[in-house]
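Here are a few exercises to work through with the model open beside you. Try each task before you read its solution.

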2 protein chains.
Amino acid sequence: MVEREESESDLNAIFGALANPTRRALVEQLAGGPESVGDLAEPHDMSLAAVSKHLQVLEDAGLISVEKDGRVRRCHLDAAPLSDAFGWLTRYRVFWEDRFDALEDHLEKDGQ
Amino acid sequence: MVEREESESDLNAIFGALANPTRRALVEQLAGGPESVGDLAEPHDMSLAAVSKHLQVLEDAGLISVEKDGRVRRCHLDAAPLSDAFGWLTRYRVFWEDRFDALEDHLEKDGQ
DNA sequence: ATGACATTCAACTAAAAGGTTAAATATTTC
DNA sequence: GAAATATTTAACCTTTTAGTTGAATGTCAT
């Protein structure tokens, strides 16, 4: 039984990780499947070291895990912690419910 | 050609706003109804000026709006932008539902 | 008009974030 | 074992964040 609670620090780390566009892009990339650090870094206009740091932030937030495979580090998405963020937001869903219907339509039409 | 409904800067601001526990607490307070800056600040162990700055961050993210009422500024929740964050997270929902399928249980137990 | 009240602004500080380049650490290949 | 590859670490820089205190602003009550 995996007990996941929304601790303050978890939400700090998770929302903090998602507050950066490079890190959100990395999550999107990893949604397509595991990738090496180098491959993840390639589309980004910054040094490999910078991307490596972003990946560390994502790992600290529990959003990715890194598997050592020879000299390559293969990253894969571990999206479960996002459910904590999702859960927090859900509390306030009632405040935008009118817009929520439109959002669902939008996601159904354009989604994935 | 990254087509996205939510603009980068919006998500940066929204997730960034939520990455801080004081600001999440302020959102929770405002979920109960509009409150003055002073009342909002009272439970927090920091100066009024600090809370005022946090409220400014929330306002910049579009999460609250402030109405001038005499010498009091009354803040009210404007949670609609949270649906953008919700929408972003929804894309990855499949990644944690596949593995855990426990979100609903989780929300039922801890949530509301 | 004076004073109390509610809030912001300004100036400052310390720490964290986001980036750089160069060197270090593994690991594979020749 | 030397060179090439993949990635991290270290040192550094600049900007942002989160807080402080004290002065300024605007409004209400007397």
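Axes here are lines fitted to C-alpha atoms, for helices over the stretch in contact, and angles run from 0 to 180 degrees between N-to-C directions. Helices (H or I, at least four residues) and strands (E, at least two) are DSSP runs, numbered from the N terminus. This is a predicted model, where local features need pLDDT of at least 70 and side-chain atom pairs count only at pLDDT 80 or more, while totals for chains, interfaces and linings use all residues. Residues are numbered from 1 along each chain as its sequence is written, with chains lettered from A and ligands numbered from 1 in the order written.

**Exercise 1.** Find the angle at which α2(B) and α4(B) pack.

Step one: take α2 (residues 21-31) of chain B and fit the axes; they sit 10 Å apart, at about 75°. Step two: classify. Since 65 to 115 degrees counts as roughly perpendicular, α2(B) is therefore roughly perpendicular to α4(B). Step three: list the contact (C-beta atoms, placed from the backbone, within 7 Å). α2(B) brings Thr22(B), Arg23(B) and Leu26(B), and α4(B) brings His54(B), Leu55(B), Val57(B) and Leu58(B).

**Exercise 2.** Work out which element gives the most to the surface near DNA strand D.

Step one: collect residues near the strand (C-beta, placed from the backbone, within 6 Å). You get 23, with Ser36(A), Gly38(A), Ser52(A), Ser47(B) and Gly70(B) the closest. Step two: keep elements giving two or more residues: α3 (37-41), α4 (48-60) and β3 (72-77) of chain A, plus α4 (48-60) of chain B. Step three: pick the winner, α4(B), with five residues.

**Exercise 3.** List what Ile14(A) touches beyond four places in sequence.

Run the contact test, skip those neighbours, and you're left with Ala61(A), Pro81(A), Leu82(A), Asp84(A) and Ala85(A).

Technical notes
Angles under 35 degrees count as roughly parallel, over 145 as roughly antiparallel, 65 to 115 as roughly perpendicular and the rest as oblique. Two residues are in contact if their C-beta atoms, placed from the backbone, lie within 7 Å.
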